[in-house]
Amino acid sequence: MTNILWFHSHWVWVALATTGLVGLWGLGLAILRRPTGRAFGIAVAVAIVAMLVQVAAGVALYVYGLRPLNSFHVFYGILIAVTFSLAYVYRAQLARRPALWYGLLLLFVMGLGFRAWANVA
């Protein structure tokens with residue numbers, strides 16, 4: 001369990017950095033009206049997977065009985081999972097302007113991740 005806790009407390013930076021950078025990339029593409037291309041699609045997938053790995057590590061810690069003192073930490077983790085679920089449901093609408101919508105989605109999720117991290121201490 002301590003390995004999972006170590007991973008969860010360090011992987012957060014990878015998840016936040018990837019969602020933030022790819023989110024900014026998407027907004028930049030949208031503002032400049034550039035096509036997304038395959039590299040952006042792969043980067044979005046990597047950012048989503050990075051954050052979902054973080055959420056999965058948090059779920060594993062919760063199942064093993066290691067719970068944060070502040071319940072808002074768990075709330076933000078659940079909200080991240082719900083946000084990605086809703087994005088999956090509305091993926092056809094997101095595909096109309098992928099750079100803009102995935103950029104905003106990833107920046108929103110990054111914000112939720114920061115809020116979750118801020119509620120640990």
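# A tour of the helices and loops

Start by selecting H3 and helix H5, the latter being residues 98-118; their axes come within 8 Å and cross at roughly 165°. This is a predicted model. Angles over 145 degrees count as roughly antiparallel, and H3 and H5 are therefore roughly antiparallel to each other. Look along the place where they pass: the crossing of H3 and H5 is left-handed.

Keep H3 on screen and select isoleucine 78. Which helix holds isoleucine 78? Isoleucine 78 sits in helix H3, which covers residues 71-89. Now add Val82, Leu86, Tyr88, Val89 and Tyr90 to the selection and show the surface. Together with Ile78, these residues make a nonpolar surface patch of about 630 Å².

Next, bring in H2 beside H3. At what angle do the axes of H2 and H3 cross? The angle is roughly 135°, and the two axes come within 10 Å. That makes H2 oblique to H3, because an angle of 135° falls outside the ranges for roughly parallel (under 35 degrees), roughly perpendicular (65 to 115) and roughly antiparallel (over 145). H2 passes H3 in a left-handed crossing.

Between H2 and H3 there is a loop, and glycine 65 is in it. Select glycine 65. Is it buried, partly exposed or exposed? Its relative accessibility is 46%, so glycine 65 counts as partly exposed. For a distance to try in the viewer, pick the C-alpha atoms of glycine 65 and alanine 116: they are 18 Å apart in space, while the two residues are 51 apart in sequence.

Step back into H2, residues 37-63, and select alanine 60, which lies in this helix. With a relative accessibility of 23%, alanine 60 counts as partly exposed. The cut-off for buried is under 20%, so the value of 23% for alanine 60 does not meet it. Then pick leucine 5 as well. How many residues separate alanine 60 and leucine 5 in sequence? They are 55 residues apart in sequence, and their C-alpha atoms are 9.2 Å apart in space.

Now show helix H1, residues 2-32, next to H2. The two helices pack at an angle of about 150°, with their axes 8 Å apart. That makes H1 roughly antiparallel to H2. H1 passes H2 in a left-handed crossing.

The last stop is arginine 33, in the loop between H1 and H2. At 68% relative accessibility, arginine 33 counts as exposed, because the cut-off for exposed is over 50%. Check the backbone there too. What is the sign of phi at arginine 33? Phi is near 55°, a positive value in a residue other than glycine. Most residues other than glycine have a negative phi.

Key
Residues numbered from 1 in each chain as written. Predicted model: local features only at pLDDT ≥ 70, side-chain atom pairs only at ≥ 80, totals over all residues. Heavy atoms only, no water. Helix = DSSP H or I, 4+ residues; strand = E, 2+ residues; numbered from the N terminus. Buried < 20%, exposed > 50% of the residue type's maximum accessible area, 1.4 Å probe, protein only. Patch = residues over 30% accessible without salt bridge, like charges linked within 9 Å, V, L, I, M, F, W, Y side chains within 5 Å. Areas by Shrake-Rupley, 256 points an atom, 1.4 Å probe, with all protein chains shown as cover. Salt bridge = Lys/Arg side-chain N within 4 Å of Asp/Glu carboxyl O. Axes fitted to C-alpha atoms, helices over the stretch in contact; angles between N-to-C directions. Left-handed = near helix turned anticlockwise from the far one by under 90°.
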